[in-house]
Amino acid sequence: FFAFSVFGLIGIAWLLQSPQVRELYDILAGRIPRLAQGIVALALAVGVIYSYVTSSNTYLMEYEKEDMPQYQFAEIINQKENTTLLNFGFLDGGFYYAADVSPACEYFCTFNINTVDMWYAHYDVINGKQADFVVTRRRELSEYNVDASGYELVATASLVFENYPFDYYLYKVVEE
């Protein structure tokens, strides 16, 4: 689309050369800066209002950080230094960011492209108790095809996200 916009600019430049447009420009020259500022301000205001009204996520502005599962779990995770976390069974939900921790493996969450390697890496982390914490959504860890005996449930939280209620589960590795 950008390549074709050049032709539109050529047309505008051609129009600006006409005597009628030059005469109109001379008349409005003192008013155009104010008019342009007003139009830009109005366009920005309309854009902000339109974005707010049409966005499916504006309801999240009603939440405080403390109400979000990510930050509730971060308080627990950050009680221990140098922890690792595995976001298991769903797309990255912001848990790494909220807790400021590193993922336990290169596949830091479940991606839309469900490769076998990704699932095996996640299973290896859980079965080998390589992550200090594991977070799941909708389903408890024992509902997956993994050995969940190495982890204990330490917290749960709920959140309505994009009009769907979700339950989140935080597991901590059982230390021997």
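## Rings, charges and a surface patch

Ring pairs link F73, F90, F95, F166 and Y168 into a cluster. This is a predicted model, where local features need pLDDT of at least 70 and side-chain atom pairs count only at pLDDT 80 or more, while totals for chains, interfaces and linings use all residues. Residues are numbered from 1 along each chain as its sequence is written, and side-chain values use heavy atoms, leaving out hydrogens and water.

Let us start with the rings. Rings of Phe, Tyr and Trp (its six-membered ring) pair if their centres lie within 6.5 Å; planes under 30 degrees apart are called stacked, over 60 edge-to-face, and the rest tilted. By this rule the count comes to 9 aromatic pairs. Two of them involve Y168:

| Pair | Centre to centre | Angle between planes | Type |
|---|---|---|---|
| F90 and Y168 | 6.0 Å | 65 degrees | edge-to-face |
| F95 and Y168 | 5.6 Å | 55 degrees | tilted |

The F90 and Y168 pair links distant parts of the chain: F90 is in the loop between β1 (84-87) and α5 (95-99), and Y168 is in strand β5 (residues 164-173), 78 residues apart. F95, in helix α5, is 73 residues from Y168. Helices (H or I, at least four residues) and strands (E, at least two) are DSSP runs, numbered from the N terminus.

Are F95 and Y168 buried or exposed? Buried means under 20% relative accessible area, exposed over 50%, and partly exposed in between (1.4 Å probe, protein chains only). F95 counts as buried because its relative accessibility is 2%, and Y168 is buried at 4%. F90 is buried, as is Y168.

Another ring of the cluster, F166, has the charged end of R137 over it, 4.2 Å from its centre. Likewise, R139 lies over the face of Y144, at 4.1 Å from the ring centre. Here a charge sits over a ring if NZ of Lys or CZ of Arg is within 6 Å of the ring centre and within 35 degrees of the ring normal.

Now for the salt bridges, each a side-chain nitrogen of Lys or Arg within 4 Å of a carboxyl oxygen of Asp or Glu. The count comes to 2 salt bridges. D132 forms one with K80, the closest N and O atoms being 3.4 Å apart. D132 lies in the loop between α6 (116-127) and β3 (133-137), and K80 in the loop between α4 (69-77) and β1, so the pair ties together parts that are 52 residues apart in sequence. K80 also forms a salt bridge with E175, with closest N and O atoms 3.4 Å apart. K80, D132 and E175 are thus linked in a network of salt bridges.
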